[in-house]
Amino acid sequence: MYGRKATELVKEFASSEPGQLSTFNNDVFAQVLEECNGHLLHLEPLMMNIQENENKLRDKRSEEEMGMSEDERGNSEAEKMLIQSAIKSDQFGALIHHLSLLRNKRCLMAYVYNRAEVIRNLGWMVDSVLPEEIEEKLSGTEKEYFKKHANTLQSYMAEVDLHLTVDMVPPKDPYIKVRVLDDIGEVVLSDQVANLARHAIMFLRRTDAEQYITQGQMEELTS
Amino acid sequence: MANYYDIDDILAEEELIPSVFQHDANGVGLFDSSDDTNKVEAGSRVELPFWLVRELYLRQFISIRVPSCFDRDSKTREEIGADAAHVDLRSRCPYFYELGCKIAPLVGDKTIGPFLLVAFRIRYREVLIKAHTLTLAVAPKYLTLLTNEEAKLYEAGQSSIAAFKKWRMGGPRFQIAPVLGRKRKLT
């Protein structure tokens with residue numbers, strides 16, 4: 001059945017968790033493209049046939065206008081019916097191929113478009129470099145797309161001089177409760193001098209704690 | 001027409017409709033690849049996906065039968081009439097409402113619209129109640145009855161209940177800043 005592969009592709013996207021990507025399915029993608037070429041190969045001879053038959057029909061008509069006997073007229077009527085029916089069959093086949101092409105196109109476009117949307121959102125969630133395990137799921141063009149999108153975002157943020165990707169949800173409290181995971185020692189923070197010993201639990205300014213957390217030296221405690 | 005890129009819309013149009021070819025079609029090895037003639041004869045019965053059916057039907061190349069779940073005297077209608085909330089629509093057609101809305105204007109069956117509405121109204125109430133009350137253990141079993149759209153409503157209901165409960169209890173005092181949650185998610 002036509003369009004199966006393309007639907008498979010869309011289904012695959014639909015079944016992945018929202019906001020997450022699965023590996024770009026090069027195999028099926030290429031197969032669908034191949035199917036499209038196949039449709040085109042089928043479509044062309046059909047269109048030629050239609051053209052030819054229509055020409056024949058026109059010839060017949062002009063012959064008729066020239067005048068002919070009753071007998072000939074009957075014959076040519078029958079022939080015309082045959083040709084018309086052949087045209088209709090060809091049109092039918094051509095239409096099916098045409099619709100299948102449109103369908104395949106829609107599926108491919110939807111696949112690429114929806115993935116691109118996820119990738120754009122990633123640009124807001126991670127900084128300009130993708131983690132490896134996500135990057136290997138992208139196709140070449142998608143990688144480039146992400147890079148360009150991230151660059152655009154960066155240059156915009158530089159322009160307005162504001163780091164937009166930080167804190168998509170406004171923090172309720174400037175302080176957070178953290179547990180220190182490593183012996184860091186005495187540190188001067190923005191509002192206090194703290195002794196960050198291992199296993200200590202303390203309230204720190206979020207901005208102070210962030211750098212330690214990203215380095216894995218602290219973890220946030222949520223109540 | 002719905003959004004061109006809408007995944008659900010695309011999948012809904014993949015549902016099969018029983019159809020009969022009214023005319024020969026050339027150059028189409030559609031259904032049986034072992035067939036060398038590469039031609040579909042008039043009168044062939046096939047199930048075609050909806051995206052193919054719409055255009056072909058409008059041009060009168062094929063005739064269609066309404067899928068059994070929308071049919072006027074089908075079992076589904078009787079069941080919906082009896083107790084809509086517990087009919088397993090998912091196995092019949094996961095895009096029940098979407099497909100119904102698409103097919104009703106096509107075949108001009110005036111009874112499909114009200115039928116969908118009745119089914120949805122009753123089932124929607126049940127979905128909301130179930131979203132409140134079902135425990136985690138029973139929920140998967142109930143979810144297998146729902147169409148895709150209903151399953152989304154169910155999830156939406158559940159998450160809003162969770163949000164309401166959180167609000168009523170006061171919720172945690174601190175919101176996790178996304179920057180902080182990130183590091184641990186990746187490892």
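Helices (H or I, at least four residues) and strands (E, at least two) are taken here as DSSP runs, numbered from the N terminus. The model is predicted, and for that reason local features need pLDDT of at least 70 and side-chain atom pairs count only at pLDDT 80 or more, whereas totals for chains, interfaces and linings use all residues. Residues are numbered from 1 along each chain as its sequence is written, chains are lettered from A and ligands numbered from 1 in the order in which they are written, and side-chain values use heavy atoms, with hydrogens and water left out.

**Exercise 1. Backbone angles in two loops**

Locate Gln60(B) and His199(A) in their loops, and state whether each is buried or exposed.

Solution. Step one places Gln60(B) in the loop of chain B between helix 2 (50-58) and strand 5 (62-64). Step two reads its backbone: phi is near 60°, a positive value in a residue other than glycine. Most residues other than glycine have a negative phi. Step three turns to accessibility, where buried means under 20% relative accessible area, exposed over 50%, and partly exposed in between (1.4 Å probe, protein chains only). With 61% relative accessibility, Gln60(B) counts as exposed. Step four repeats the reading for His199(A), which lies in the loop between strand 3 and strand 4 of chain A and has a positive phi of about 70° although it is not a glycine. His199(A) is exposed as well, because its relative accessible area is 58%.

**Exercise 2. Strand 1 of chain A and its partners**

Which side chains of strand 1 of chain A point to the buried face, and which residues stand across from Val178(A) and Val180(A)?

Solution. Begin with the alternation along strand 1 (residues 175-180): Ile176(A), Val178(A) and Val180(A) point to one face and are buried, while Tyr175(A), Lys177(A) and Arg179(A) point to the other and are not. Next come the neighbours, with two strands taken to pair if DSSP finds at least two bridges between them. Strand 1 runs antiparallel to strand 4 (residues 201-205) of chain A, and five bridges join them; within this pairing, Val178(A) stands opposite Met202(A). Strand 1 also runs antiparallel to strand 5 (residues 218-220) of chain A, here with three bridges, and Val180(A) has Met218(A) of strand 5 as its bridge partner.

**Exercise 3. Salt bridges within and between chains**

How many salt bridges does the whole structure hold, and what does each of three chosen pairs join?

Solution. A salt bridge is a side-chain nitrogen of Lys or Arg within 4 Å of a carboxyl oxygen of Asp or Glu, and a search over all chains finds 20 of them. The pair Glu14(B) and Arg4(A) meets at 4.0 Å, N to O. Glu14(B) lies in the loop between helix 1 (7-12) and strand 1 (16-21) of chain B and Arg4(A) in helix 1 (residues 4-15) of chain A, so this pair joins two chains. At 11% relative accessibility Glu14(B) counts as buried, whereas Arg4(A), at 42%, is partly exposed. A further contact of Glu14(B) is polar (a pair of N or O atoms within 3.5 Å; within protein, one must be able to donate a hydrogen and the other to accept it, and residues adjacent in sequence count only if both atoms are side-chain atoms): its side chain and that of Arg103(A) are joined at 2.9 Å. Arg103(A) belongs to helix 3 (residues 70-125) of chain A and is buried, with 4% relative accessibility.

The second pair is Asp182(A) with Arg198(A), whose closest N and O atoms are 3.9 Å apart. Asp182(A) sits in the loop between strand 1 and strand 2 (185-188) of chain A and Arg198(A) in the loop between strand 3 (193-196) and strand 4, so the pair ties together parts 16 residues apart in sequence. The third pair, Lys152(B) and Asp8(B), has its closest N and O atoms 2.4 Å apart. Since Lys152(B) lies in helix 8 (residues 148-169) and Asp8(B) in helix 1 of chain B, parts that are 144 residues apart in sequence are tied together. Lys152(B), at 47% relative accessibility, counts as partly exposed, and Asp8(B), at 22%, does too.

**Exercise 4. A network across chains**

Which residues are linked with Arg106(A) in a network of salt bridges?

Solution. The residues linked with Arg106(A) are Asp9(B), Glu13(B), Arg54(B) and Lys102(B).
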